[in-house]
Amino acid sequence: METQPSSDNGYAGNNTSSEENLKRQKEIDEWLPITSSRNAKWWYSAFHNVTAMVGAGVLSLPYALSELGWGPGVAILVLSWIITLYTLWQMVEMHEMVPGKRFDRYHELGQYAFGEKLGLYIVVPQQLIVEVGVCIVYMVTGGKSLEKFHDTVCSTCKQIKLTYFIMIFASVHFVLSHLPNFNSISGVSLAAAVMSLSYSTIAWGASVAKGVQPEVQYGYKAKTAAGTVFNFFSGLGDIAFAYAGHNVVLEIQATIPSTPEKPSKGPMWKGVIVAYIVVALCYFPVALIGYWMFGNSIEDNILISLEKPAWLIAMANIFVVIHVIGSYQIYAMPVFDMIETVLVKKLNFRPSTTLRFFVRNFYVAFTMFIAITFPFFGGLLGFFGGFAFAPTTYFLPCIIWLAIYKPKKFGLSWWTNWICIVFGVCLMVLSPIGGLRQIILQAKEYEFYS
């Protein structure tokens, strides 16, 4: 009889330690950026999605069209819009498909579909390439837009190096990145979403005002067949990059409250629909009108082709800067979440403000340094874009869907998913080829830190 109490105590000890573990997990979850606040409204998801989706990539859409030509260009633009909306719907549906569990992060969904280890190895590298890549590109974009603003407003001033403009842009993030979670950046995000609509409208409005150029031509620019093909691939990469909001979808949905009666997919989907209508309003007019007015002489940033009126273009550039500030934060948040998770759960750091302060400053400094070193990062994006954007946006959701739901062979769902997968794989294989060629051409003339 005497042995019983001791075993009982042992059990109680185990129990308290597992309770402590649960308590610690809960504390950590309440501290981590993504799971900490779950009281977002549906319109939060709308403007987070707009901010994540509509990059400054809109401004290069007319150029992408000029590389693709009227027929293929419009087809790919519309097809991408439909496919990405479909894969986005899949992500929203899969967020809570296991009763009582929420997949708050892209890689958690991957782990559920492919297994603990494999899921991590498939999803995390791609997600990191996309999110860190976008942050770096936005550093460059922000810097370049500030530079354009400076040169437009004051054309006689002394020229300032791009390096300094990127530093000025980064200085904002050294402050903003300390906002703890998604809900706290919803103000920044709203401003960014409004800006993206504004500068898109300026871009196509000013093009209409300028009218069709006298010498306009719609043929392919490249003189050689090889050049045309490479440009075509690179245009594909540009369009793939334009529709890349899927990396942060589950993370955005994680902030919406959910009960069995009212799951989070309701409000989330409402937000997504609104966001996609806004995306269509931004993308289609800019791409079509821009190409229609300027033909193949369009610059890779439509604002450069517009030049005048100076005040309007300066305004559009500032709007781009404000928008990119918001987007940077939205893409940085999941990265902060990953780094902080590893530090706290694997390396057992105490969740504290100091830890957060160091992690986030280090990240901003890192992206700034890369941006200053390789400001021709846009070409790199066409390259990376193909590797990581196409999978996470076009076909990874479809593969996960097939793996989990196992729809019946040759049924509608089965065909739809396979078509998306084939389209996505083509994008993934072809766009890096075009991007790589552009990098090689640009890197020839490049001097470090010039």
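How much space lies in the largest cavity? In this predicted model, the largest cavity holds about 70 Å³ of space. Two cavities of 30 Å³ or more were counted. The second largest cavity contains about 60 Å³.

The lining of the largest cavity comprises 13 residues. Nearest its centre lie Ala52, Met53, Gly55, Tyr138 and Phe241. Three elements give two or more residues to this lining: α2 (42-53), α6 (116-153) and α9 (225-242). By class, eleven of the lining residues are nonpolar and two are polar. Charged residues are absent from the lining of the largest cavity.

The second largest cavity has a lining made up of Tyr63, Ser66, Glu67, Tyr220, Lys221, Ala222, Thr228 and Asn231. At least two of these residues come from α3 (61-68), and at least two from α9. The largest share belongs to α3, which supplies three residues. In this lining, three residues are nonpolar, three are polar and two are charged. Charged residues thus appear in the lining of the second largest cavity, whereas the lining of the largest cavity has none. Helix α9 recurs in both descriptions: it gives two or more residues to the lining of the largest cavity and at least two to that of the second largest.

Backbone geometry was examined next. Most residues other than glycine have a negative phi. Against this background, Lys406 stands out, with a positive phi near 45 degrees. Lys406 is found in the loop between α15 (377-405) and α16 (412-443). Is Lys406 buried or exposed? Its relative accessible area is 62%, so Lys406 is exposed.

A positive phi also occurs at Phe410, where the value is near 65 degrees. Phe410, too, is a residue other than glycine. Where is Phe410 found? Its position is in the loop between α15 and α16, the loop that also holds Lys406. The relative accessible area of Phe410 is 57%, so this residue is exposed as well.

In summary, the model has two cavities of 30 Å³ or more. The lining of the largest cavity is made up of eleven nonpolar and two polar residues, while that of the second largest cavity includes two charged residues. The loop between α15 and α16 contains Lys406 and Phe410, with positive phi values near 45 degrees and near 65 degrees.

Terms used: Residues numbered from 1 in each chain as written. Predicted model: local features only at pLDDT ≥ 70, side-chain atom pairs only at ≥ 80, totals over all residues. Heavy atoms only, no water. 1 Å grid on protein atoms, 1.4 Å probe; cavity = no way out; pocket = protein on both sides within 12 Å on 5 of 7 lines; lining within 4 Å. Points joined across faces, edges and corners; volume = space filled by probe spheres on them. Helix = DSSP H or I, 4+ residues; strand = E, 2+ residues; numbered from the N terminus. Nonpolar A, V, L, I, M, F, W, Y, C, P; charged D, E, K, R; others polar. Buried < 20%, exposed > 50% of the residue type's maximum accessible area, 1.4 Å probe, protein only.
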